Structure formats: C-alpha cells, structure tokens
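Student: Could you take me through one part of this structure slowly? I would like to look closely at the salt bridges and at what surrounds them.

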Amino acid sequence: LSINIWPEFAYRGLFAQADLDCAARRLFAEFETENFEMVLEALWHAEQTLAALRQKTTKVTELYENVQSALFAAVRQVHVPWRKIDRPRLQRICDALRAYRFVFTLNYDLLTYWAAMQGGPKSAIRDFFWADDHTFDSDDKDLEEGCTGLLYLHGGLHLWQDSISGRTGKWTTAKGSRVALLKSLETKVGAVASRR
C-alpha cells in the first residue's frame, strides 16, 4: 500500500536514509538485503533463542533497537507530506478498509491512519485508542457493530509505548492545531512503537 502511494517508502530508499551502527550494517550485508523486516525478524529469533539457552541477550536487544529506531527515523524522513496526498485516493482506501471487520496493517507510516481519518472524528474505522487520552484500555476493547477494527502489527510512527507502565497510545494533534501530525512527531520523545 505505502510504496504504491509514495515510492520513497521502498526499503532501498529507507536503507539509504537509515542511521545504522556498524554491527547493524554488517548484519544487512550478511543477509544481502535492505529489508528491515527480515533483519528485525532474524534478531527477534536470535534474542528468543539466546533467552531459551539462558544466554545474555543484551547485545542482540541493543542491535534490534538500533535497527528499529533507524527504520522509524528513516520512515519519518522520507514520509509523504500531508499536503501532497491525493484525498480521493485516501477515500478509496478508507472505503476498501470498511469492507472488513478487522484490518491488520504492517505499515509504519501514517497512510492507513490518514485513510481511516477520512471518515471524520466518528469514523467507523476504529484503532482501539479511543480512551480520552488516546490510549489502549484492555478493559474497553469491544468493537461496535458495523465498525472496522484497525490493528497495527508492527506499530507505527504515531504510536507510543511507555516501557515502564506498558501503556500504549497514539499521538494526535490538538483540534484546530495548524501543526500537522507528521511535523509534530519530529519533536516527540521516544517515537518508537512497541517492539512486538
């Protein structure tokens, strides 16, 4: 979906923008890939394997976090600006999403989120962050009849997780704000979504 709307989201472009440390670059070279998901999955499996063997996972965890942070920063750098989005195209995506009870997205970017917003503030596409403070409440997860549930399997630029409390939520812009969400994310601290 994302690459069809904004070709700069292709892994080649993201890899060129990514600020990866030396160990991460060696890993990409070893796998002969620019595919972040392949490398992140390999690191996740390595971490799980080391944990099962009761070995230290610190270096693998740090490498995973470096690759993930570099990916998020690269997506943010190449992201299509809101002003360049074709609104009728977003509406077509919104209409297509509405045909399903649940939609699972792997995209980190804001395109699926923006498409869902085409339905307005009471959109029938719901992302489960509907608490007043835009957080997820596991006691309030029942989806209304006729709504489409939107789930971000890999996280997203606009999602956050507090590593201490485990709370998750989404960043939004204030009503009436002239600052676009994408622009405001540049100033957010810890704009990395949940690891898994």
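Tutor: Happily; we will go through the salt bridges one at a time and then turn to the sheet. Keep in mind that this is a predicted model.

The structure holds four salt bridges, and we can visit some of them here. Let us begin with Arg 12 and Glu 34, whose closest N and O atoms are 3.2 Å apart. This pair links distant parts of the chain, with their positions 22 residues apart in the numbering. Arg 12 belongs to helix 2 (residues 11–17), while Glu 34 sits in the loop between helix 3 (22–31) and helix 4 (36–52). How exposed are the two partners? Arg 12 has a relative accessible area of 62%, and it counts as exposed because the cut-off for that word is over 50%. Glu 34, at 27%, is partly exposed.

Next, find Arg 126 and Glu 144, which form another salt bridge, with 3.2 Å between the closest N and O atoms. Arg 126 lies in strand 2 (residues 125–126), and Glu 144 in the loop between strand 2 and strand 3 (148–152), so the pair ties together parts that are 18 residues apart in sequence. Glu 144 is partly exposed, with 48% relative accessibility.

That loop between strand 2 and strand 3 also holds Asp 133. The side chain of Asp 133 meets that of Arg 167 in a salt bridge, at 2.8 Å from N to O. Because Arg 167 is in the loop between strand 4 (159–161) and strand 5 (168–170), this pair ties together parts that are 34 residues apart in sequence. Both partners count as partly exposed: Asp 133 has a relative accessibility of 43%, and Arg 167 has 40%.

Now let us follow strand 2 and strand 3 into the sheet. They belong to an open sheet of three strands, in the order 1-3-2, with parallel pairing. Strand 1 (102–105) and strand 2 stand at the edges, and each has a single partner strand, so one side of each has no neighbour in the sheet. Strand 2, then, is an edge strand, and it also carries Arg 126, the salt-bridge partner of Glu 144.

To finish, look at how strand 1 meets strand 3. These two run parallel and are joined by four bridges. One place to find on the model is Val 103, whose bridge partner in strand 3 is Leu 150.

Conventions: Residues numbered from 1 in each chain as written. Predicted model: local features only at pLDDT ≥ 70, side-chain atom pairs only at ≥ 80, totals over all residues. Heavy atoms only, no water. Buried < 20%, exposed > 50% of the residue type's maximum accessible area, 1.4 Å probe, protein only. Pairing = 2+ DSSP bridges.
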